[in-house]
Amino acid sequence: AARRRFVGLALPIELATELRAAADRVFDAARWKRHEPRDLHVTLCFLGDVRDDTVEGLTHALHAALQGIRAPALAVRG
């Protein structure tokens with residue numbers, strides 16, 4: 001089976017909780033799809049439909065390609 005996949009940057013739980021609370025204040029909770037803070041992320045690259053049997057190889061390839069590259073710093077303001 002294929003599923004929609006992406007490469008994402010996980011958010012620290014404190015920041016995700018704060019962002020979720022801010023969204024709750026701005027958006028009508030009944031009209032938007034709410035996610036738990038642990039599920040919030042920043043999508044870096046959308047891959048589209050990727051077969052389940054290729055995910056492990058893709059994960060290893062991404063880890064290998066990112067070796068020695070420093071993790072990005074994320075700043076959220078406003």
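Student: Why is R20 called buried?

Tutor: This is a predicted model, and in it R20 has a relative accessible area of 12%. Buried means under 20%, so R20, at 12%, counts as buried.

Student: Where is R20, and which residues does R20 touch?

Tutor: R20 is found in helix α1, which covers residues 13-26. Leaving out residues up to four places away in sequence, R20 touches R34, H35, E36, P37 and L40.

Student: What makes R20 and E36 a salt bridge?

Tutor: Their side chains meet at 4.0 Å, N to O. The cut-off is a side-chain nitrogen of Lys or Arg within 4 Å of a carboxyl oxygen of Asp or Glu, and the pair is counted as a salt bridge. The pair links distant parts of the chain, with E36 in the loop between α1 and β2 and R20 in helix α1, 16 residues apart.

Student: Is E36 buried, partly exposed or exposed, and how do you know that?

Tutor: E36 has 40% relative accessibility. Partly exposed is the class between under 20% and over 50%, so E36, at 40%, counts as partly exposed. Its partner R20 is buried, at 12%.

Student: How many salt bridges does a search of the whole structure find?

Tutor: The search finds six. One of them joins the side chains of R5 and D52, at 2.4 Å, N to O.

Student: What parts does the pair of R5 and D52 tie together?

Tutor: R5 lies in strand β1 (residues 2-10), and D52 lies in the loop between β2 (41-51) and α2, so the pair ties together parts that are 47 residues apart in sequence.

Student: Why is D52 called partly exposed?

Tutor: D52 has a relative accessible area of 30%. That value is neither under 20% nor over 50%, so D52 is partly exposed.

Student: What makes R51 and D53 a salt bridge, and what are their exposure classes?

Tutor: The side chains of R51 and D53 meet at 3.0 Å, N to O, and the cut-off is within 4 Å, so the pair is a salt bridge. R51 has a relative accessible area of 49% and is partly exposed. D53 has 60%, and exposed means over 50%, so D53 is exposed.

Student: Which residues are joined into one network by salt bridges that share partners?

Tutor: The network joins R20, D24, R34 and E36.

Student: Where is D24, and why is D24 called partly exposed?

Tutor: D24 is found in helix α1. Its relative accessible area is 28%, which is neither under 20% nor over 50%, so D24 is partly exposed. Leaving aside neighbours within four places in sequence, D24 is in contact with W32 and R34. D24 and V55 are 31 residues apart in sequence and 33 Å apart in space, C-alpha to C-alpha.

Student: What separates V42 and L11, and what does V42 touch?

Tutor: V42 and L11 are 31 residues apart in sequence and 7.4 Å apart in space, C-alpha to C-alpha. V42 is found in strand β2, and its contacts, not counting residues up to four places away in sequence, are V7, G8, L9, L11 and L74.

Student: Why does V42 count as partly exposed?

Tutor: V42 has 30% relative accessibility. The value falls between the cut-offs of 20% and 50%, so V42 is partly exposed.

Student: How do you know that the span of α2 agrees with what a helix should span?

Tutor: The 12 residues of α2, at 1.5 Å a residue, should span 16 Å. The expected span uses one less than the number of residues. The end C-alpha atoms of α2 are 16 Å apart, so the two values agree. After α2 comes G68, whose phi is positive, near 85°.

Student: What is the volume of the largest pocket, and which residues lie nearest its centre?

Tutor: The volume is about 330 Å³. Of the 13 lining residues, V7, G8, L44, H63 and L66 lie nearest the centre. β1 and α2 each supply at least two residues of the lining.

Student: What is the average pLDDT of the chain, and which element has the lowest mean?

Tutor: The chain averages a pLDDT of 90, and 100% of the residues score at least 70. Among the elements of the chain, α1 has the lowest mean pLDDT, 91, and helix α2 (residues 55-66) the highest, 95.

How values were computed. Residues numbered from 1 in each chain as written. Predicted model: local features only at pLDDT ≥ 70, side-chain atom pairs only at ≥ 80, totals over all residues. Heavy atoms only, no water. Helix = DSSP H or I, 4+ residues; strand = E, 2+ residues; numbered from the N terminus. Buried < 20%, exposed > 50% of the residue type's maximum accessible area, 1.4 Å probe, protein only. Contact = heavy atoms within 4.5 Å. pLDDT = per-residue confidence, 0-100. 1 Å grid on protein atoms, 1.4 Å probe; cavity = no way out; pocket = protein on both sides within 12 Å on 5 of 7 lines; lining within 4 Å. Points joined across faces, edges and corners; volume = space filled by probe spheres on them.
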